[in-house]
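Student: I would like a close look at one part of this model. Please start from a single residue and work outward.

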Amino acid sequence: MRRASAVAWAAFVIAVVTVVATLHVALGLDVVVVDGNSMLPTLQTGDLVLIAKENPTAISVGDVIVYTYTGSFYGVYLSNAYIIHRVIYIYYNNGVLCFVTKGDNNPLPDPGFPQYCGYVSINGTNVSGVPYWKVVGVVVGGRTPIAIPFIGSLSIALRPPSGPT
């Protein structure tokens, strides 16, 4: 019985990988694995999401975007990390289109890039946004992201450890 279940699971994983690869080639979609709890309950660690390149002016408040970040992210240093968060506000700073983002499970918006986007006041708090050129894409599904659960867990388990050992 266990062998049949393992074979069925392997067949399912192969089918998902085939579908994702086909979508990547046919539609130009990229794949990102969710790693963290900042988007709970919408997305969870191990979910696989597809991202589409989008004209930045087509991004709306409520869309879930992926952007790259290097620097201190609430006390944790990140190097060219993908952040998957929801757009909560859009503005221009000196002609630069900026997106204020926040994880659904986070109490505060992301730190942003004040060197490019300056600051804007939201509910009495000064926050900064993400400049349009840091946005990698929009999660397919936009406001209601489509995720393939658990498939990305293998890549998280197999990656080398980070930090002190």
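In which strand is V33 found?

Tutor: V33 belongs to strand β1, which covers residues 30-33. Keep in mind that this is a predicted model. With a relative accessible area of 26%, V33 counts as partly exposed, because the buried class stops under 20%. Its C-alpha atom is 9.5 Å from that of I148, a residue 115 positions away along the chain.

Strand β1 also holds D30. D30 is partly exposed too, at 24% relative accessible area. D30 makes a salt bridge with K53, and the closest N and O atoms are 2.9 Å apart. K53 sits in the loop between β2 and β3, 23 residues from D30, and the pair thus ties distant parts of the chain. K53 itself is exposed, at 56%.

Now the wider frame. The protein has three helices and ten strands. Read from the N terminus, the order is α-β-β-β-β-β-α-β-β-β-β-β-α. There are 165 residues, and 39% of them count as buried. Among contacts with a separation of 6 or more, 57% come from residues 24 or more positions apart.

Next, the other salt bridge. The structure holds two. R86 and D104 meet through their side chains, at 2.9 Å from N to O. R86 lies in strand β4, while D104 lies in the loop between β5 and α2. They are 18 residues apart, and again the link joins distant parts of the chain. R86 is buried, at 16% relative accessibility. D104 is partly exposed, at 28%. Side chains of opposite charge can pair when their charged atoms come close.

D104 leads to K102. K102 is in strand β5, residues 96-102. K102 is buried but has no salt bridge. D104 is its nearest side chain of opposite charge, 6.0 Å away. That distance is outside the salt-bridge limit, because the nitrogen must be within 4 Å of a carboxyl oxygen. What does the side chain of K102 reach instead? A polar atom of the K102 side chain lies 2.7 Å from the backbone oxygen of N106. Beyond four places in sequence, K102 touches residues including M39, H85, R86, I88 and D110.

From the charged groups, turn to the nonpolar ones. Nonpolar side chains tend to be buried together in soluble globular proteins. Here the largest nonpolar core has 15 residues. I59, I65, Y67, Y69 and F99 touch the most other members. Strands β3, β4, β5 and β9 each give this core at least two residues. A further core lies apart from it, with eleven residues, including M39, V49, V66 and V136. M39 is one of the residues that K102 touches.

Strand β9 deserves its own stop. It spans residues 135-139, and five of the five are buried, so the strand is largely enclosed by the rest of the structure. Which strands pair with β9? Strand β2, residues 48-52, pairs with β9 in the antiparallel sense, over two bridges. I51 has V139 as its bridge partner there. Strand β3, residues 64-73, also pairs with β9 in the antiparallel sense, over three bridges. In that strand-to-strand contact, Y67 stands opposite V135.

Y67 reaches far beyond that partner. Counting only residues more than four places away in sequence, its contacts include F73, A81, Y82, I83 and T101. They also include D110, F113, V130, K134 and V136.

D110 and F113 bring us to S128. S128 touches both, along with Y91, V100, P111 and Y119, among others. S128 sits in the loop between β7 and β8. It is buried, at 2% relative accessibility. Its side chain reaches two backbone oxygens. One belongs to G118, at 2.8 Å. The other belongs to F113, at 3.4 Å.

D110 is a useful waypoint for your walk through the model. It appears in the contacts of K102, of Y67 and of S128.

Conventions:
Residues are numbered from 1 along each chain as its sequence is written. This is a predicted model: local features need pLDDT of at least 70, side-chain atom pairs count only at pLDDT 80 or more; totals for chains, interfaces and linings use all residues. Side-chain values use heavy atoms; hydrogens and water are left out. Helices (H or I, at least four residues) and strands (E, at least two) are DSSP runs, numbered from the N terminus. Buried means under 20% relative accessible area, exposed over 50%, partly exposed in between (1.4 Å probe, protein chains only). Lys and Arg count as positive and Asp and Glu as negative; His and the chain ends are not counted. A polar contact is a pair of N or O atoms within 3.5 Å; within protein, one must be able to donate a hydrogen and the other to accept it, and residues adjacent in sequence count only if both atoms are side-chain atoms. Contact means heavy atoms within 4.5 Å. Two strands pair if DSSP finds at least two bridges between them. A nonpolar core is a set of buried Ala, Val, Leu, Ile, Met, Phe, Trp, Tyr and Cys residues joined through side-chain atoms within 4.5 Å.
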